[in-house]
Protein chains: 2
Amino acid sequence: LIESLASLPGIGPKSASRLAFHLLKQDANGLTEFGRRISELRTNLVTCATCHNIASESPCVICRDPGRDKSLLCVVEDALDVVALERSGQFRGRYHLQGGVLSPLEGIGPEQLKLRELEERVSKEGFKEVILALNPTVEGEATAHFVSKRLQQALSTQKNGVSPLKITRLAHGLPTGADLEYADETTLAHALEGRTVSSTQ
Amino acid sequence: LIESLASLPGIGPKSASRLAFHLLKQDANGLTEFGRRISELRTNLVTCATCHNIASESPCVICRDPGRDKSLLCVVEDALDVVALERSGQFRGRYHLQGGVLSPLEGIGPEQLKLRELEERVSKEGFKEVILALNPTVEGEATAHFVSKRLQQALSTQKNGVSPLKITRLAHGLPTGADLEYADETTLAHALEGRTVSSTQ
């Protein structure tokens, strides 16, 4: 058990022993349940055929929910981003997990991402807006640019005209609670560039 | 000397001794110069009568610079914010330091800030846009709301009409290099709310 625990990221051999002895003090029922959850982790989970999120069934609860906005699609990198966006409570549309960002150095090209599936969904499901919610990093920016161009090409060849689809990006700027004097140059530059008219006006 | 050094923020008695002994090893000329700079710090600096920034003369270099945009005013809290914005290289207008944010608990009301001076400048200098570049904190938000309202009132009573002045705020959103999965809920909510149309569209 110590060996298994030590193989987890961020847990060294000493922490692993400590965890094992902590588990030793728990009651048997709790341990059986804990063990079962770990054992069945992979067998009980599937990938949603629509959005490619990890779910207990396919289509997943989000894709099946009739209360969610069908005209709004949010493209994210992976499942943790969905968790973060759901936590914010601000997004009530659908998701599409592309499974990473373009990274030529790591051998991740357009074929490794769920882009064909994305194009298919966009052409079939009639979204009004696609939000490219990729990380504000160099790779994320480059990927968003690429995906945005590809979606437009795919739509224009299909419909022989200007696409009615709006492609948007998350706002870049100062995070809540930040301090101007400690903000990095690029963030400040983005915050200035994307400034908005004061709400009292 | 150790006592003086220990009175600086973040420097305890041990660091103070270490610094003092480090200074003891420097050559005399360097020390004289260093001491002179500290001694003359207050005597050589004045507050710019226009923007209220700390400067070596009044009006300061920024207020005197004819190359800077006279139609754009950036309202900040203090001198460190000016340093940060100048570092970003994105802002080429004028500044106004209001000297803090509203904080009833600390006894900082509108009278403690340079708001009357701000109203005067706005009505005299003919700015086209005032950017309220206050920190994205609760106090900063509240202050920006207050200042924005007050500027509008001051302008409308003066000109008996709709003011041509644009009052803007810095963009709120994800800082550069951030990771969606670690972003706090409010920042993500702001990033979603303030989303922009993709540049390739």
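Let's start right at the crossover between the chains: Val197(A) has Thr168(B), in strand 6 of chain B, as its bridge partner. Keep in mind as you look around that this is a predicted model. That bridge belongs to a strand pairing that joins the two chains, with strand 7 of chain A (residues 196–197) running antiparallel to strand 6 of chain B over 2 bridges.

Now turn to the sheet that is built mostly on chain A's numbering. Follow the order 4(A)-3(A)-5(A)-6(A)-7(B) and you'll have walked across an open sheet of 5 strands with mixed pairing. Its edges are strand 4 (94–97) of chain A and strand 7 of chain B, each of which pairs on one side only. At the chain A edge, strand 3 (residues 72–76) and strand 4 of chain A pair in the parallel sense, with 4 bridges between them. To find your place there, look for Leu73(A), which sits opposite Arg94(A) of strand 4.

Next, pull back to the contact as a whole. Chain B and chain A put in 58 residues each, and the area buried between them comes to about 4,900 Å², with carbon and sulfur atoms giving 57% of that. On the chain B side, the residues that lose the most area to chain A are Leu180(B), Leu192(B) and Arg195(B), which together make up 13% of what that side buries.

Arg195(B) is worth a second look. It forms a salt bridge with Glu129(A), and the closest N and O atoms are 2.3 Å apart. The interface has 2 salt bridges by the rule used here, along with 18 residue pairs in polar contact. Several elements give two or more residues to chain B's side of the contact, among them strand 3 (72–76), helix 6 (79–88), helix 8 (138–159) and strand 6 (166–169) of chain B. Helix 9 of chain B gives the most, with 9 residues. Sort the residues on that side by type and you get 24 nonpolar, 21 polar and 13 charged.

And what about helix 9 over in chain A? In this helix (residues 185–193), Thr187(A), Leu188(A), Ala189(A), Ala191(A) and Leu192(A) are buried. Part of their cover comes from the other chain: helix 6 and strand 5 of chain B are included in what lies over the buried residues of helix 9 of chain A.

Conventions. Residues numbered from 1 in each chain as written. Chains lettered and ligands numbered in written order. Predicted model: local features only at pLDDT ≥ 70, side-chain atom pairs only at ≥ 80, totals over all residues. Heavy atoms only, no water. Contact = heavy atoms within 4.5 Å. Buried area = accessible area lost by both parts, 1.4 Å probe. Salt bridge = Lys/Arg side-chain N within 4 Å of Asp/Glu carboxyl O. Polar contact = N/O pair within 3.5 Å; in protein donor to acceptor, adjacent residues only side chain to side chain. Nonpolar A, V, L, I, M, F, W, Y, C, P; charged D, E, K, R; others polar. Pairing = 2+ DSSP bridges. Buried < 20%, exposed > 50% of the residue type's maximum accessible area, 1.4 Å probe, protein only.
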